Amino acid sequence: MSELSVKHLLGIKYLNEKDIQLIFETADHFKEVINRSIKKVPSLRDITIANIFFENSTRTKLSFELAEKRLSADVINFSASQSSVKKGETLIDTVNNILSMKVDMVVMRHPNPGAGIFLSKHVNAAIVNAGDGAHEHPTQALLDSYSIREKLGDVAGKNIVIVGDILHSRVALSNIFALKLQGANVKVCGPKTLIPKYIESLGVEVETNLKKALNWCDVANMLRIQNERLDISYFPSTREYTQQYGVNKKLLNSLDKEIVIMHPGPINRGVEITSDVADSKQSIILNQVENGVAIRMAVLYLLASKIK
Amino acid sequence: MSLKFRGLHMGQKVLLSSKEINIILHRLACQLLENHLDFKETVLVGIQPRGKFVADRLAKILKEEYGVSQIDLGYLDITFYRDDFRRGDKTLEATKTSIDFLVEDKKVVLIDDVLYTGRSIRAALTAIQSFGRPSEIELLTLIDRRFSRHLPIQPNYRGRQVDAINDEKVQVMWKENDGKDVIYLINK
């Protein structure tokens with residue numbers, strides 16, 4: 001019998017390879033469950049989960065909520081925009097008030113890096129990080145790797161390129177940790193201004209030429225330009241970015257092989273990828289969304305089983 | 001698996017030998033035939049992880065020795081339906097469910113190796129509903145441990161009834177998984 005080595009999912013950085021495999025194997029079972037005619041199991045019927053979102057989210061929030069409901073957990077939702085945070089309440093106060101309503105787990109998205117880690121030290125609940133600023137987004141990285149594993153059979157030894165705004169992307173950082181842990185080769189590709197200076201210390205290579213990067217890879221994970229986090233101008237214009245780093249069908253067809261296209265969403269169609277690429281057979285974007293529910297069910301199930 | 005389950009422990013005795021298991025499986029197959037004839041409206045569902053072996057053997061006997069041409073056979077994992085989630089020290093790990101047919105309006109025969117407290121069967125009765133509404137559910141168990149039930153659940157078909165006390169464990173071993181067919185009663 002195995003179990004997770006952690007009590008909270010704060011980032012991929014805190015997981016080991018065995019944890020990832022356990023999450024994937026558990027997700028395999030939940031993927032079968034969510035394809036039944038009755039898609040619900042009673043495992044978490046005595047667990048209450050609070051989804052606390054201090055930042056906007058569509059996919060992640062819906063995916064977590066669905067995962068929680070499929071596991072029969074009770075769910076409460078909280079968005080900062082409609083809350084006392086606006087009246088000056090601190091993070092710990094907000095969460096402790098929620099916890100005094102007998103909540104067992106907190107799924108939190110927050111604009112500040114490390115918010116989940118901070119919370120885990122001060123409140124008595126299992127914390128799942130659903131994105132903390134430009135730091136980590138562990139469930140996204142898990143579902144990305146799971147989707148690669150599903151499509152290509154294995155992650156180890158595969159060549160993955162992450163394209164776009166690496167500097168502001170929590171998806172990129174969590175993906176790098178997860179992919180390296182599983183033995184994949186990782187390159188990042190984008191304008192130099194959007195690639196962190198010390199990225200190579202994580203064991204990844206930098207490639208600024210998109211075509212070269214695509215010809216090298218098995219999978220390209222296309223990231224969105226995080227306009228809401230761009231405080232200065234990092235590239236001359238969106239149009240120029242698209243010409244240099246956007247993937248279109250013509251570029252894909254000119255490659256030596258057929259690669260897999262991924263995107264964590266939301267897509268800016270016509271910027272980082274064109275519609276014909278996003279909707280092509282090579283794209284597994286919608287599989288990623290489906291796998292997201294199974295992965296989050298697995299994470300919640302495995303963490304909940306450690307709550308005594 | 002510890003050594004004591006490998007046949008080296010002092011406090012164990014053979015409950016059923018390979019030959020006895022084979023005879024019992026044939027009797028159970030005949031009883032199933034008597035009630036279900038051609039198995040057109042009946043499906044066999046082995047409860048994971050250990051009921052799978054009993055279900056596989058019965059399906060094989062029915063097909064190869066009694067000429068049943070087609071049997072729907074599935075495996076049901078009950079982990080997510082168990083009533084002891086978070087009550088033990090360990091995370092409950094699931095095994096594979098594979099039921100690629102509908103159980104709607106079918107007669108379902110749930111199959112397990114040992115019936116003890118009845119809690120697994122309770123979980124299986126809930127789990128199977130996720131695949132439709134069966135017209136009827138029966139229970140087949142190779143070993144029925146009497147006087148140890150926590151729930152009002154009894155088998156329709158039983159291989160052998162055993163009066164094991166709670167400190168004892170019934171260990172069912174299969175050639176395809178453990179190297180030989182044998183059932184031990186082990187003193188813990």
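Which residue in β6(B) is the bridge partner of B:Thr141? The bridge partner is B:Arg158, and the sheet to which β6(B) belongs is described below together with helix packing in both chains. The model is predicted, with local features requiring pLDDT of at least 70 and side-chain atom pairs counting only at pLDDT 80 or more, while totals for chains, interfaces and linings use all residues. Residues are numbered from 1 along each chain as its sequence is written, and chains are lettered from A and ligands numbered from 1 in the order in which they are written. Helices (H or I, at least four residues) and strands (E, at least two) are DSSP runs, numbered from the N terminus.

**The sheet of chain B**

- Five strands of chain B form an open sheet in the order β3-β2-β4-β5-β6, with parallel pairing; two strands pair if DSSP finds at least two bridges between them.
- The edges are occupied by β3 (72-76) and β6 (157-162) of chain B, each of which has a single partner strand, so one side of each lacks a neighbour in the sheet.
- From one strand to the next, the twist averages 25 degrees.
- Strand β5 (residues 136-145) of chain B runs parallel to β6(B) and is joined to β6(B) by five bridges.
- Helix α3 (residues 119-128) of chain B packs on the sheet and touches β2 (42-47), β3, β4 (107-115) and β5 of chain B; contact requires C-beta atoms, placed from the backbone, to lie within 7 Å.
- The direction of α3 makes about 155 degrees with that of β4(B); axes are lines fitted to C-alpha atoms, for helices over the stretch in contact, and angles run from 0 to 180 degrees between N-to-C directions.

**Strand β2(B)**

- Six of the six residues of β2(B) are buried (20 or more other C-beta atoms within 10 Å of the residue's own; exposed means 12 or fewer, and partly exposed lies in between, with C-beta atoms placed from the backbone).
- B:Thr42, B:Leu44 and B:Gly46 are buried on one side of β2(B), and B:Val43, B:Val45 and B:Ile47 on the other.
- β2(B) runs parallel to β4(B), with five bridges between them, and B:Thr42 stands opposite B:Lys107 in β4(B).
- β2(B) also pairs with β3(B) in the parallel sense over five bridges, and B:Gly46 faces B:Tyr75 there.

**Helix packing**

- In chain B, helix α1 (residues 18-36) and helix α2 (residues 51-64) pack at about 70 degrees with their axes 9 Å apart, which makes them roughly perpendicular (65 to 115 degrees; under 35 is roughly parallel, over 145 roughly antiparallel and the rest oblique).
- α1(B) passes α2(B) in a right-handed crossing, meaning that the near helix is turned clockwise from the far one by less than a right angle, whereas anticlockwise would be left-handed.
- The contact of α1(B) with α2(B) comprises eight nonpolar, one polar and one charged residues (Ala, Val, Leu, Ile, Met, Phe, Trp, Tyr, Cys and Pro are nonpolar, Asp, Glu, Lys and Arg charged, and the others, Gly among them, polar).
- In chain A, helix α2 (residues 59-70) and helix α11 (residues 285-304) pack at about 55 degrees, their axes 8 Å apart, and are therefore oblique to each other.
- The crossing of α2(A) with α11(A) is right-handed, and the residues in contact divide into seven nonpolar, two polar and four charged.

**Between the chains**

- The contact takes 18 residues from chain A and 15 residues from chain B.
- On the chain B side there are six nonpolar, five polar and four charged residues.

Key:
Contact = placed C-beta atoms within 7 Å.
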